[in-house]
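Trainee: I am new to this structure and would be grateful for a close look at a single part of it. Please choose one helix, describe what surrounds it, and then place it within the whole chain.

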Amino acid sequence: MQPTTRFAPSPTGYLHLGHVVNAIYVWGLARARGGRVLLRIEDHDRIRSRPAFEHAILEDLVWLGFVRGEGPASVRRQSDNGTAYAEALAALQATHHVYACDCSRKEFGGDRYPGTCRQRRLLPGDTVPPGTGVRVHLDARPESFTDGALGEIVQTPAEQCGDLLLKDRDGHWTYQFAATVDDMNDAVDLVVRGLDLLSSTGRQIKLARMLGRPRPPAFVHHPLIIKPDGEKLSKASGDTGVRELRAAGIGPAAVIGRAAASVGLIDREGPIEADAVWMLIGASERGRT
């Protein structure tokens, strides 16, 4: 089967080497399996998203060689999908316990929501008051899946995060909800992402099933670039980005090679063209079989 996957950066900063690692795995797996890649801009966070970052992301992807000839018309943006999210929310309201919640994380502490507002049932057509979010009750059953890199995984979302936040108190659709709806509507059947998002998988599988998706996508969670202090690369900490590497005169093949070496796909840094990353991933997949 030829899979459909996606590369889905958030325009809240510039691309860094961690994003290049993800691009290597996304485009590499897609080509190795004869599939295709959708380009999605995950700009659900309307406070931090910036058009300038989106423009820079697309420009860097073209410079690296992963994106060719597609132009802005081929890009999917979550900011364009409000109607689809509202329809998905209405479908959930018709079949599951959806409710308004004005709790802040500071109030309940940690990552697991204890269900404080669960009795405030939100009925179809109800208007959510300003400063109030929307959650859906998750049952206590575990979710199991076979990760393409890690093997069998079992997660219990109700224990990990409690009832899932669908819309935050600023009125923005959440990552978990928007990504699940997008993957379902775009028929994405292969999700390739970093290990930092592994904990999201069970809750997204459960949410997709609640929305009527009978079969979840396949998942592959790849290694992250880890800094000497044990932290992963991030936009927030101002890690070396593709823009800085370009300004220093480093070419696209060298940037891809540096990213590949950082996660052990190659033994030492060396130039790798974007068109050739599928051979790295193909070799990595054969090594696991």
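Mentor: The account below begins with the basis of the description, turns to helix α6 and its surroundings, and ends with the chain as a whole.

The model is predicted, and local features need pLDDT of at least 70, side-chain atom pairs count only at pLDDT 80 or more, while totals for chains, interfaces and linings use all residues. Residues are numbered from 1 along each chain as its sequence is written, and side-chain values use heavy atoms, with hydrogens and water left out.

Helix α6 comprises residues 175-185. Helices (H or I, at least four residues) and strands (E, at least two) are DSSP runs, numbered from the N terminus. The helix is mostly covered, with 9 of its 11 residues buried. Buried means under 20% relative accessible area, exposed over 50%, and partly exposed in between, with a 1.4 Å probe and protein chains only. The buried residues of α6 are Tyr175, Gln176, Phe177, Ala178, Ala179, Thr180, Val181, Asp182 and Asp183. After the helix comes Ala187, whose phi is positive, near 55°.

What lies over these residues? The cover of the buried residues of α6 includes strands β1, β2, β8 (164-167) and β9 (190-194), together with helices α3 (82-95) and α7 (201-210). Contact here means heavy atoms within 4.5 Å.

Two of these covering elements, β1 and β2, belong to an open sheet of 3 strands in the order β1-β2-β3, with parallel pairing. The edge strands of this sheet are β1 (4-7) and β3 (76-77), each pairing on one side only. Two strands pair if DSSP finds at least two bridges between them. Between β1 and β2 (residues 36-41), which run parallel, there are 4 bridges. Within that pairing, Thr5 has Val37 in β2 as its bridge partner.

The loop between β2 and α2 (51-64) contains Ile47. Because its relative accessibility is 48%, Ile47 counts as partly exposed. Apart from residues up to four places away in sequence, Ile47 touches Asp170 and His172. Ile47 and Gln160 are 113 residues apart in sequence, and their C-alpha atoms lie 26 Å apart in space.

A further covering element, β8, leads to another set of strands. Strand β5 (residues 133-136) is joined to β8 by 3 bridges, and the two run antiparallel. In this pairing Val134 stands opposite Lys167 in β8. Strand β5 is also joined to β4 (residues 98-101) by 4 bridges, again antiparallel, and Cys101 stands opposite Gly133 in β5. In a regular strand the side chains alternate between the two faces of the sheet. Both faces of β5 are covered: Gly133 and Arg135 are buried on one side, and Val134 and Val136 are buried on the other.

Another antiparallel pair is formed by β6 (residues 143-147) and β7 (residues 151-155), which are joined by 5 bridges. These two strands form a hairpin with 3 residues between them, and Phe145 has Ile153 in β7 as its bridge partner.

For a second view of burial, one may turn to helix α10 (residues 277-288), where Val277 is located. Because its relative accessibility is 2%, Val277 counts as buried. Neighbours within four places in sequence aside, Val277 is in contact with Ile24, Trp27, Gly28, Phe66, Ile256 and Ile272. One of these, Ile256, is among the buried residues of helix α9 (residues 252-262), which also include Ala253, Val255, Gly257, Ala259 and Ala260. Gly264 follows α9 and has a positive phi, near 80°. Val277 and Gly133 are 144 residues apart along the chain, with 42 Å between their C-alpha atoms.

Finally, these parts belong to a chain of 10 helices and 10 strands. Buried residues make up 49% of its 289 residues. Of the contacts with a separation of 6 or more, 74% are between residues 24 or more positions apart. The C-alpha trace spans about 60 × 40 × 40 Å along its principal axes. With 289 residues, a compact globule would have a radius of gyration near 19 Å, and the chain agrees with this at 20 Å. That radius is taken over C-alpha atoms, and the globule rule is 2.2 Å times the number of residues to the power 0.38.
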